[in-house]
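Work through the two exercises below with the coordinates at hand. Each task is followed by a solution in steps.

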Amino acid sequence: MRTDNPDQPPRDLLDQHRRDIEALDRRILHLVCERLELARQIGELKRAAGIPLRNFKVEAEVYQRFADASSLLGLDEVLGRDLATFLIRKAVEEQAAHLDTVYQGDALRTLVVGGKGGMGRWIGRFLQGQGHRVMIQDPAPGNGEFEQVALAEGVAEADLIVLAVPMSSCAEVLEELARLKVTGVVAEMCSLKGHLRELADRLRGDGLRLVSFHPLFGPDVRMLSGRTIVFCDEARPEDLAVVRGLFAETSARLVEMSIEEHDRRMGLVLGLTHLSNLVFARALSHSNLTAADLDEVAGVTFTKQLGTTREVTGENPGLYFEIQVLNEATPQTGRWLRQALDEWLGAVEAGDAAAFQRLMADCHGFLGAAGDGPPA
C-alpha cells in the first residue's frame, strides 16, 4: 500500500492519485477480460453438454456473493449487486454469441429480400454466422454487406428465401415469387400476418413453400437470450422445420401458434404498447410544459416511462402505422384502451377511493398472475 508523502505538493499528490486510479482501471479491465474468457469456455461446455444458457440459481448465488463481499469490505451491497448484474449480462452475451452461431444442419444457399434494411442486415449476419451463403436482393441505393443479385437469379439458386420487407409490400413480393415458381422455402418475417392469410393459403395450395415467423426484437439485438421468435403453424411441417431449425440451437425462446392467435396477441404486445406510449407523449405535448421542465422534477416512475416513450416516438412511423392499421384486433384494442381510461378517470372524478383501489388491486392481480411463469 502506498504511503503519501506529507511534504508532497497537493497538485502533485492529486496527479499521483489519478495515475494510481488509471493503473487500477487497467487491472480491473484485465480481470474482466479473464472473467469473460472463462465465461466463453463455460458456454462451450454448456453447448457440448446440452445445458441451457441461463442458470438462474447460479446467478442468484453470484448476486449474493457480491452483496456479501461488498458488506465485508464496508461497501453498499447495492454496489455489489449492480456490479454482479453487469458482469452476468456480459457473461451471458459472451456465451450467447457463441451459442447463437451453432447450426446442426447442412449449409444453405440463402437470399434475403430487403437485405439492406435493419432486419434484413440482422438476418443476413445471423445466417452468415451459421455458415450459410448469403445473397441479398434490395433496390435501395447504396452497397449492402452481402453479395447482391437480381431477384430471378437469387431465387433460382436459393434453398431459403427470407423476406425482410415492409408489411405493405410483402404480398406483392410473395406474388412475384410464386410467378417465378421458386422451389426453395420462403420465410416472411412480418410483424403481423392476418393481412396475408388468404394469399398465403392460396399460394401454399399452389405449391409455394411459405413459412411465417416473427422475431420479436429489432435489428440492434446482439444476443438471442431472453428473446422470443414466433412461428406460425400453418406451414407444411417439413418447411417449418427448415426455418425453425435455424434457431433450434440458439438461446432464443421458440413459440408456435396460429396466425389468428399471433395477431390477437400482437394487438396487445405491440399495438396496445405502442398506442399507450404515443397517447402518453401526446398528452404531455398538450400541457404548457416542455420536456426539459418535466425532466427537471422527474421521479423514478416518470423517468422509466419517459425513456420507453422516447424510444417509441423515435421509431419508424410507417411501420408503427402499419402495425395499427393492418391488425384486425386494433379496433377492439382501442375500445379496451378507452374503457380503461374511462374507468380510472371515473373513479377519480367521482372521488371514489374504493373504486380506485379496486382497479389497482385488479391490475396488480392480473399482472402478478401473468408473471408467475418460469423466467424467460
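The exercises treat a strand and its partners, and then a cavity.

The model is predicted: local features need pLDDT of at least 70, side-chain atom pairs count only at pLDDT 80 or more, and totals for chains, interfaces and linings use all residues. Residues are numbered from 1 along each chain as its sequence is written, and side-chain values use heavy atoms, with hydrogens and water left out.

**Exercise 1.** Determine which strands pair with strand β2 (residues 133–137).

*Solution.*
1. Strands are DSSP runs of E of at least two residues, and helices are runs of H or I of at least four, numbered from the N terminus. Two strands pair if DSSP finds at least two bridges between them.
2. Strand β1 (residues 109–113) runs parallel to β2, and five bridges join them. Here Val-113 has Gln-137 of β2 as its bridge partner.
3. Strand β3 (residues 147–148) also pairs with β2 in the parallel sense, over two bridges; Ile-136 is partnered by Gln-148 in β3.
4. Four of the five residues of β2 are buried (under 20% relative accessible area, 1.4 Å probe, protein chains only), so β2 is largely enclosed by the rest of the structure.

**Exercise 2.** Identify the elements that each supply at least two residues of the lining of the second largest cavity.

*Solution.*
1. A cavity is a set of points on a 1 Å grid over the protein atoms alone where a 1.4 Å probe fits but cannot get out; lining residues have an atom within 4 Å of a point.
2. The second largest cavity holds about 30 Å³ of space.
3. Its lining includes Leu-174, Arg-204 and Ser-212.
4. The elements sought are α7 (197–205) and β6 (210–215).

Notes: Buried means under 20% relative accessible area, exposed over 50%, partly exposed in between (1.4 Å probe, protein chains only). On a 1 Å grid over the protein atoms alone, a cavity is a set of points where a 1.4 Å probe fits but cannot get out, and a pocket is an open set with protein on both sides within 12 Å along at least five of seven lines; lining residues have an atom within 4 Å of a point. Grid points are joined across faces, edges and corners, and a volume is the space filled by probe spheres set on the points.
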